[in-house]
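I sat down with this model today and kept short notes as I went. Here they are, in the order I looked things up.

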Amino acid sequence: MAHAATTPTSRRWPRLVATLLALLFSAVALMSAAPAHAASQVGIDENDYRVSGIVRLDGDPLEGIRITVEGPGQSAEAITNAEGRWAIGVPERDTYVVTLDESTLPEGIAVVDETGEDETPNSREATVGPSGSVVANFFIGEGERATTNVGGQILDRLFLGLNFGLLLALVAIGLSLVFGTTGLSNFAHAELVAFGAIMLLVLSVFLELPLPLAILIALLLSMAMGWANDAALWKPLRRRGVGLIPMMIVSIGLSLAGRYLYQFFIGGETRQLPYATTTALNTGFYGLSVIDIASMAIAIIVLLAVAFFLLRTRLGKATRAVSDNPALAAASGIDVDRVIRIVWVMAGGLAGLGGILWAYFRPGVSWDMGFQILLLTFAAVVLGGLGTAFGALIGSIIVGLFVEMSTLVIAADMKYVGALVVLIVVLLVRPQGILGRKERIG
Amino acid sequence: MIDWIQLLGNSAQQILSPVTAAYALAALGLAIHFGYTGLLNFGQAGFMALGAYGYGISTLTFGFPWWAALLVGVGVSIIFALILGVPTLRLRADYLAIVTIAAAEIARLFFTTNTFVQYTGSANGLQGYKGSFEEVNPIPPGRYGFGPFTYNEYDWWVRIFGWGLVIIAALITWRLMKSPWGRVIKGIREDEDAVRALGKNVYFYKMQALVLGGVFGSLAGMVFVLPRAIVPSNFQPTLTFFIYAILLLGGAATVLGPIVGAIVFWVALSFFSGFVARAVEVGWLPFMSTVQAGQLQFILVGIVIMLLVIFRPQGMFGNKKELAFVK
C-alpha cells in the first residue's frame, strides 16, 4: 500500500475549510437550540445526598429547563420533567452552585431577582443540610435575562474548542503515526486513551499518590501499554502476514474486550480526578480555570516536542521514511521493526496524556471515555489526511473548534454530529484530507 | 445449587427468539456487504435504527398501517444507503468503515437529541406502535408450544414473522449469489480492477449490494423492536460489532453462516452469562459481583472476534478460498 510523506503540499486548504464550515453551519443552523441530553433525575442512586427543585411559572410547571449543579465531586445537569421537577445526586454534604439555563426558558421569561442586588439571579448556592437534601428553587417571571454578551460567548467557546482540539491532537497524532507506519486503523486506540486516565485515577485517587508523581507513572504505564500492544499482538500478526482489514477487525475485538474489562474493574460510574471540579481555580479569564490553561500549555509543549522529533532527529526522519515506504526504508538500512516499536510507545504515551487531559476536560474518568472520542479522532485524522502527523494536528484543532463553536447554533447534545458530518463531507470533496496526497486513497 | 434445567431452557429459548432472528437478518445483510462484496460496512446498527424508527415514527406520528410503516422503514434505509454510498464507494475499504460507523452514530444522535423529542421520544425512545401489527395476527389468543418454547399468540406471531423474513432473505441471497449478478459481486470482492476491465460498472454494483444489505438491516431493526420498545441506546456501534462477531462465527461469504451463527452466538452467550450469574449467586466466584458477571459476556465477545479473525477467518461454514478480506 502507498504511504505519503508528512510534508504540507496544498495551499488550497484554508479556502476549502472555510467553505465547508460555512456550508455546515448553514445546514445545522436551521435547527433550534434545545436542552442537552439529560434526564430529570441524575445520579440519585450513586450519591448519598441530593439537590432538587421544581421550576414553575405562575404555578404551572415548566418542562425541559436545564439545571446544572456544580461543586465538590459533582458536575451534572438535569432537565426538568413534565411536572417541572428535577433532582441531582451529590456526593458530599457541602455547598453547590445551582444554575438555571435561561436560554431554555420560554421567550420573554427570566429568573427574577427579588433583592435587586444579584447580577446573576439564575445562579445560586445551595447547601446540603442535615436532612441530606436541599431544595433550590428560582423565582421565575417576565423580565430581562442575565446573559453574557455574544462576543464573550464566542470567545468562551473558542477557548474551549482550542483546549479540546489540542488534547484531541495528542490522541490523533498517535493514531495517525500508527496508521502511517503499519497501515492499521486501530479502533483500540480509544482504550489506550482511557487507559491513561484510568491509571491516573487508580494511582492518584485509589492509591492516593501525589498528583505529579501519579501523572508521571500513569504516562510511563501508558507508554508500556503501547509497547505491549505491539509486542503481544500486532507484531506477531504482522509476522503471520495478516491483512490490514482483518487486523482492523481484530482491533475492534480488542477495543470491545478492553472497554468492558475496564468496566469490570472500575464499574460503570464516572469518577473525578483530583482538582477536576474545584471552582476555586477559576481565573475569571473567559471561564478558563488554571487546569484548562495548564492543559493547553502541556499539549502545546508535547506537540512541539513531537514535531521536533519528527523533523529534526534521525529517528524522526526514519519514522517518516517508514511511513513513506517501509520496503524502501528497510532497504536503506532502517530497522523498521524498531521504528514501529518506538511509534507504538509514543502512541501509547500520547494517547495516555490525551486521556488524562480529556478526563479533566469532560470532566471525569469513565470506562468508555476513550470510545466517546474515537470517532472524533478518526474524523480529525481523516480531515487532516490519514497517516500524516501534522494533518492530524490541524484536523484535530478544526474538529475541536467546530464541536464547541457549533453549540452556539445547534443543541449541545448534537455537537458531535457536526464533526461527523464534516468527516463525510471532506471525503466527498477531498478524500485525501487537507495534507494528504492523492495516491493514498487508491 | 444451580438450576441447570432452567439455565438450559433459557438458553434453548434463544433458538427461536425474535432477537436471534433480527441478528440473523442483520448478519445476512452484512454478509452481502462484507462477505460477498467486500464492503466494510460498520454502520449496520444505523440501518437497523432507521428501520426501527421509520416503522415506529410512521405508526405513531402519522398513523400508518403496519405494512406502510414497514415500507417507510425500508425506503428510509435505501435513501441512507445511497447517501452513504455516493461519497465512499469509490474509496478504500477502511474509509468506508469509518464513514459508515460515523453515519450510524449521526443517525443515533439524531434519534437521541431532545430537539425532535415529539417524534423520537429522545433518550426514552418509543413504544405503543404494535397495534396494527397485532391486529393482523391470524393466531387465536392462547398459549401454545411445549417446554421452554411456550408463548402467547403475539410472541408466536412475532417469531413467525421474524423467522419468515429470515428465510425469505436467505432464499433471495442464495438465488442472487448463484446468478450472474452474484458472480460480478464476488468478482468485485476478489479483484475490483479485473471486473472493471470486463466492462462492468463496479460502482453501480457496489451500490446495489449496499442497498440490498441495508434493506435487510432495516427489516432486522423492525423485527428487533416488535417484541419490545425502541430505545436509541440499543443502536450503538457495539450492536454492529456483535453482528460482525456472528458473521465471522458463521462464515462471512455464506447464506447459512449468518443464521446458524446468530443461533449459536445467542445460545452460547445466554448459557455463558446465565451460568456466570448463577455461579456468582451460589458463591462459586467470590471475587465477582453480579454486575461484573454481566460484563464478562462483552469481554468474551471481543476476544472471540479476535480469535476468529486470527485463527479461523472463514468461520464455521466458510470456504478458506472465499475470504472477504483477501487484500
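**Entry 1: a proline in a loop.** I started at P363(A), which I found in the loop between α9 (336-361) and α10 (369-384) of chain A. I should say straight away that this is a predicted model. The peptide bond joining R362(A) to P363(A) is cis, with omega about -10°. I flagged it since most peptide bonds are trans.

**Entry 2: an unusual phi.** My next stop was another loop of chain A, the one between α3 (189-206) and α4 (211-240), where E208(A) lies. Its phi is near 55°, positive although E208(A) is not a glycine. As a rule, most residues other than glycine have a negative phi. Is E208(A) buried or exposed? I counted 9 other C-beta atoms within 10 Å of E208(A), so this residue is exposed.

**Entry 3: the annotated spans.** I then pulled the UniProt record, an unreviewed entry, for chain A. Its "transmembrane region" annotation covers residues 158-180, 187-207, 213-232, 244-265, 285-311, 342-361, 373-403 and 415-435. I checked two of these spans against the model. Residues 158-180 of chain A are 100% helix and 0% strand, with end C-alpha atoms 30 Å apart. For residues 415-435 of chain A I noted 71% helix, 0% strand and 25 Å between the end C-alpha atoms.

**Entry 4: one isoleucine.** I picked I398(A), which sits in helix α11 (residues 389-405) of chain A. I398(A) is buried because it has 25 C-beta neighbours inside 10 Å, and the cut-off is 20 or more. I also looked up its distance from V382(A): the two are 16 residues apart in sequence, and their C-alpha atoms are 12 Å apart in space.

**Entry 5: chain B overall.** I moved on to chain B, where I found 14 helices and two strands. The C-alpha trace of chain B spans about 65 × 50 × 40 Å along its principal axes. Its radius of gyration is 20 Å, which agrees with the value near 20 Å for a compact globule of 327 residues. Half-way through I checked burial: 50% of the 327 residues in chain B are buried. Of the chain B contacts with a separation of 6 or more, 76% are between residues 24 or more positions apart.

**Entry 6: a one-faced helix.** Which residues of helix α9 (residues 180-190) of chain B are buried? I noted I185(B), I188(B) and R189(B). Seen down the axis of α9(B), the buried residues fall within an arc of 105°, so they line one face of the helix. That fits what I know of α-helices: with 3.6 residues a turn, residues three or four places apart point the same way. On the other side of α9(B), P180(B) and R183(B) are exposed. The cover over the buried residues of α9(B) includes α2 (18-36), α10 (192-197) and α11 (202-225) of chain B.

**Entry 7: a covered helix.** I compared that with helix α12 (residues 237-250) of chain B, where 14 of its 14 residues are buried. This helix reaches 20 Å from first C-alpha to last, close to the 20 Å expected. G251(B) follows α12(B) and has a positive phi, near 120°.

**Entry 8: where the chains meet.** Last, I looked at the contact, which takes 39 residues from chain B and 43 residues from chain A. On the chain B side, the elements giving two or more residues are α4 (66-88), α5 (93-112), α12 and α14 (290-311). The most comes from α5(B), with 13 residues. I sorted the chain B side into 26 nonpolar, nine polar and four charged residues.

Definitions and conventions
Residues are numbered from 1 along each chain as its sequence is written. Chains are lettered from A and ligands numbered from 1 in the order in which they are written. This is a predicted model: local features need pLDDT of at least 70, side-chain atom pairs count only at pLDDT 80 or more; totals for chains, interfaces and linings use all residues. UniProt positions are given in the numbering used here, feature names are shortened, and annotations may be inferred rather than shown by experiment. Helices (H or I, at least four residues) and strands (E, at least two) are DSSP runs, numbered from the N terminus. A residue is buried if 20 or more other C-beta atoms lie within 10 Å of its own, exposed if 12 or fewer, and partly exposed in between; C-beta atoms are placed from the backbone. The expected span of a helix is 1.5 Å times one less than its number of residues. Two residues are in contact if their C-beta atoms, placed from the backbone, lie within 7 Å. Ala, Val, Leu, Ile, Met, Phe, Trp, Tyr, Cys and Pro count as nonpolar, Asp, Glu, Lys and Arg as charged, and the others, Gly among them, as polar. The radius of gyration is taken over C-alpha atoms; the globule rule is 2.2 Å times the number of residues to the power 0.38. The arc is that of the directions from the helix axis to the C-beta atoms.
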